[in-house]
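Colleague: I have just opened this model and would love a close look at one part of it, the interior. Could you walk me through how it is put together, starting from the outside and working inwards?

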Amino acid sequence: MEVVIVPDAKAGGELIAEAMAQLLGRKPDAVLGVATGSTPLPIYAALAAKVRAGSVDTSRARIAQLDEYVGLPAEHPESYRSVLRREVLEPLGIGMAAFMGPDGTAEDVQGACEAYDAALAEAGGVDLQLLGIGTDGHIGFNEPCSSLASRTRIKTLTEQTRVDNARFFDGDIEQVPHHVITQGIGTILEARHLVLLATGEGKADAVAATVEGPVAAVCPASALQLHPHATVVVDEAAASKLKLADYFRHTYANKPEWQGI
């Protein structure tokens, strides 16, 4: 995988947004896989600025969701579908008709998971999948010891995750669902380009395990080592535990400009 060390989150967001803009220039109907959380917000802000400036056309772009709460109505303000509508689709001028996501309210949850994998395949697959990373190395809601071949499926949230997410539910953990649908690691690995953004010292151990550690289910993000085109973008704080940080800086500084990330 390629590791790019940037000064801060804003720089990382601008770098990744430029890669997304170039992709849309080559393939206007590209499928962009998006993630929720605070980490990717600088990406969406930078890409939205390009849309407003007229330097990128998102009119034919398609958006694919990484994960969703089970049992939360789609119109609930904290369903990930609603969050992505506010943070991604509306700022980019993309309508809900171009959005793909699993049905978290389906009676047959397993059937909904299988249907989503089928929908992604029918759409031609994800062209670029954005990822964040947890302090324990999880991607999506694939917690440690998730199968590296897993497909989209239902997962049970840990108590700590529900505590962490309670801030979005008026501080009331009882409002936080116990289950989610998440793309599996095997599903994620089918995207043509994986781009993981990590910022802050709290992510440093997970980044080091992902990039320099063994491929192991205990660190789900380490599966990115198996992908032919995976890019890990980290700020200086998140890169602080990398033994090969100087090498990564050297290789990126001497990379042909036309190659992109």
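## From the surface to the cores

Modeller: Happily! The chain exposes about 11,500 Å², and carbon and sulfur atoms supply 53% of that area. Please keep in mind throughout that this is a predicted model. On the charged side, there are 21 positive and 34 negative side chains, with the centres of the two sets 5 Å apart.

Two exposed loop residues are worth a stop on the way in. C145 sits in the loop between β6 (128–131) and β7 (153–156), and its phi is near 80 degrees, a positive value in a residue that is not glycine. Its relative accessible area is 60%, so C145 counts as exposed. D170 belongs to the loop between α5 (159–165) and β8 (179–182). Here too phi is positive in a residue other than glycine, near 60 degrees, and because its relative accessibility is 73%, D170 is classed as exposed.

Now for the overall frame. The chain has 8 helices and 10 strands, and its C-alpha atoms fill a box of roughly 55 × 40 × 35 Å along the principal axes. A compact globule of 261 residues would have a radius of gyration near 18 Å, and the 17 Å of this chain agrees with that. Of the 261 residues, 52% are buried. Among contacts between residues at least 6 apart in sequence, 76% join residues at least 24 apart.

That brings us to the interior itself. In soluble globular proteins, nonpolar side chains tend to be buried together. In this model the largest nonpolar core has 34 residues, and I16, M20, I63, V88, L130 and V233 have the most contacts inside it. At least two core residues come from each of β1 (2–6), α1 (9–26), β2 (31–34), α2 (41–53), α3 (80–92), β6 and β9 (193–198). The largest share, 8 residues, is supplied by α1. M20 makes a good place to zoom in: beyond its neighbours within four places in sequence, M20 is in contact with L32, I43, L47, L128 and L130.

Apart from that core lies another, of 33 residues, with I188, V207, A208 and V234 among them. To see V207 and A208 in their setting, follow helix α7 (residues 204–212), whose buried residues are A204, A206, V207, A208, T210 and V211. The cover over these buried residues includes β1, β9, β10 (230–235) and α8 (245–253).

Finally, take a look at D235, which is placed in strand β10. This acidic residue has a relative accessibility of 10%, so D235 counts as buried, unlike D170, which is exposed at 73%. Leaving out neighbours within four places in sequence, D235 is in contact with I5, V6, P7, D8 and A9, and also with A198, T199 and G200. If you want a basic residue to compare it with, K203 is 32 residues away in sequence, and the C-alpha atoms of D235 and K203 are 10.0 Å apart.

Conventions: Residues numbered from 1 in each chain as written. Predicted model: local features only at pLDDT ≥ 70, side-chain atom pairs only at ≥ 80, totals over all residues. Heavy atoms only, no water. Helix = DSSP H or I, 4+ residues; strand = E, 2+ residues; numbered from the N terminus. Rg over C-alpha atoms; globule rule 2.2 N^0.38 Å. Buried < 20%, exposed > 50% of the residue type's maximum accessible area, 1.4 Å probe, protein only. Contact = heavy atoms within 4.5 Å. Areas by Shrake-Rupley, 256 points an atom, 1.4 Å probe, with all protein chains shown as cover. Lys, Arg positive; Asp, Glu negative; His and termini not counted. Charge placed at Lys NZ, Arg CZ, Asp CG, Glu CD. Core = buried A, V, L, I, M, F, W, Y, C linked by side-chain atoms within 4.5 Å.
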